[in-house]
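Colleague: Could you take a close look at one helix towards the end of this chain for me, and then work outwards to the ring pairs, charged pairs and cysteines elsewhere? I would like one connected account rather than a list.

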Amino acid sequence: MKIISLGEVLIQLNPVSKGPLRYVDLFEKHVAGSEASVMIGMSRLGFTTEFITAVGEDEFGKCILSTLNSEGVGTNFVKVKPYPTGVYFLQRGYPISNKTDVLYYRKGSAFSFLSPEEIDEEYFKDAMLFHTSGITPSLSESCKATTLKAFEIARRYNIKISFDTNIRKKLLPSSEIALDTLEIFIKEADILLTGQGDLDFLFPELNSIEAKIDKIKSLAVKAEMIVLKMGEKGAKVFRDKEIVYKPAYKVEVVDELGAGDAFDAAFLSSILLGKSLSEALTYANAAGAIVVGFMGDFEAFPSWRELDLFISYQKEGEQKLIR
Ligand code: KDG
């Protein structure tokens, strides 16, 4: 089963200590980027994945290409451009003790110049799912046009579209800009993934979460299901009249980045393999819970065996651990 995705892959510089970056001297280097992480996650869960992106003609671009290759994500559609690869820094635990701040150095990056003419219909042949997120169309006008073209081809080829709203306030600074940028993609998604924070940001005029869910449902006219991620409060899926809820696992959080991507990878994989909504949410929550224990976004993404091990340990404790 082939999955195709589109997005920017960046180099993440993740401080080994918490606190203001002024005083941080040591950083770990990781490869990151929401959509690429989802593809790595799905490739660990057995899917064939291909990724459309552009990297710089530089050492970081080479690092990203070799990481995608070694993680089993196809790089046949990756462009190399004479611009820098995007980079971002994290600032951990400051000023809010358990939160991570993101500082982007990605304006004018190789990916921001990707244009619709560079997207070939051939890329989509035999794919069963196209996935991207709200980050991609927020990066530049040409990235938005490229995302629209990818949606249009996916629709024409009858490929299911999954879209995670994934709002980054540094890219979409107000609810008006966010809605204006994302509405068209929300409208076209077959599977819409979103978070409570994203809904709060998109619809500040609405007071209750129920009203916000009704609002996103009214926008997502083609969605066969809407998934609401609520972090430590768990997750819900809405499909027709059915609502399924699963609480989150309680785990120690080292670095929350990547949890939403792991959730998406496990959820989408489960749905494509015909698992129930309840199983899909359980696997998705487990994947998110495993990933928050580690620095870097995708390194700790689990296989099915690791997911089952984690879930059985959470349920049964030490004695019934299947090894
Ligand atoms: O999902 C985690 C990502 O948000 C982060 O690592 C980088 O993709 C990223 C972005 O564009 O913010």
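Modeller: What follows begins with helix H9 and then moves to other parts of the chain. Please keep in mind throughout that this is a predicted model.

Helix H9 covers residues 304-316, and its 13 residues, at 1.5 Å a residue, should span 18 Å; the C-alpha atoms at its two ends are 18 Å apart, so the expected and computed values agree. Which residues of H9 are buried? They are Trp304, Leu307, Phe310, Ile311 and Ser312. An α-helix has 3.6 residues a turn, so residues three or four places apart point the same way. The buried residues of H9 pack against two other helices, namely H7 (259-272) and H8 (277-291). Just after H9 comes Gly317, which takes a positive phi of about 80°.

Trp304 deserves further attention, and its ring is best approached through the aromatic pairs. A pair of aromatic rings is described by the distance of the centres and the angle of the planes. The count for the structure comes to 13 aromatic pairs. Tyr283 and Trp304 form one of them, an edge-to-face pair with 5.0 Å from centre to centre and 80° between the planes. Because Tyr283 lies in helix H8 and Trp304 in helix H9, this pair ties together parts that are 21 residues apart in sequence. Tyr283 has a relative accessible area of 12%, and is therefore buried, the limit being under 20%. Trp304 also has a charged partner, since Lys275 lies over the face of its ring, at 5.1 Å from the ring centre.

A charge over a ring is found elsewhere too: the charged end of Arg106 sits over the ring of Tyr104, 4.4 Å from its centre.

Turning to other aromatic residues, ring pairs link Phe124, Phe130, Phe151, Phe163 and Phe185 into a cluster. Phe124 and Phe130 are both buried. These two form a tilted pair, with 5.7 Å between the ring centres and 45° between the planes.

The charged side chains can be followed in a similar way. Side chains of opposite charge can pair when their charged atoms come close. How many salt bridges does the structure hold? There are 15 salt bridges in the structure. In one of them the side chains of Glu71 and Arg44 meet, at 2.8 Å from N to O. Glu71 lies in the loop between helix H2 (59-70) and strand S5 (73-74), whereas Arg44 belongs to helix H1 (residues 34-44), so this salt bridge ties together parts that are 27 residues apart in sequence. Arg44 itself counts as partly exposed, at 26% relative accessibility.

Another salt bridge is formed by the side chains of Glu224 and Lys160, with an N to O distance of 2.8 Å. That pair links distant parts of the chain, 64 residues apart, with Glu224 in the loop between helix H6 (209-219) and strand S12 (225-229) and Lys160 in strand S10 (residues 160-164). Glu224 counts as partly exposed at 31% relative accessibility, and Lys160 counts as partly exposed at 28%.

Glu242 forms a salt bridge with Arg239, where the closest N and O atoms are 3.5 Å apart. Glu242 is partly exposed, with a relative accessible area of 37%, and Arg239 is partly exposed at 30% relative accessibility. Beyond such pairs, salt bridges that share partners join Arg155, Glu188, Asp190 and Lys222 into one network.

As for the cysteines, a disulfide is a covalent bond between the sulfur atoms of two cysteines. A search of the whole structure finds 0 disulfides. Cys63 is buried with a relative accessible area of 18%, and Cys143 is buried with a relative accessible area of 1%.

Two further residues complete the account. Thr49 is found in strand S4 (residues 48-56), and counts as buried at 3% relative accessibility. Leaving aside neighbours within four places in sequence, Thr49 is in contact with Ile3, Met39, Met42, Ser43, Gly72, Val73 and Gly74. Glu118 is placed in the loop between strand S8 (100-105) and strand S9 (127-133). The C-alpha atoms of Glu118 and Ile52 are separated by 9.7 Å, although the two residues are 66 residues apart along the chain. With neighbours within four places in sequence again set aside, Glu118 is in contact with Lys79, Lys81, Phe113 and Tyr123.

Terms used
Residues numbered from 1 in each chain as written. Predicted model: local features only at pLDDT ≥ 70, side-chain atom pairs only at ≥ 80, totals over all residues. Heavy atoms only, no water. Helix = DSSP H or I, 4+ residues; strand = E, 2+ residues; numbered from the N terminus. Expected span 1.5 Å × (residues − 1). Buried < 20%, exposed > 50% of the residue type's maximum accessible area, 1.4 Å probe, protein only. Contact = heavy atoms within 4.5 Å. Phe/Tyr/Trp six-rings, centres within 6.5 Å; stacked < 30°, edge-to-face > 60°. Lys NZ or Arg CZ within 6 Å of the ring centre and 35° of its normal. Disulfide = S-S within 2.5 Å. Salt bridge = Lys/Arg side-chain N within 4 Å of Asp/Glu carboxyl O.
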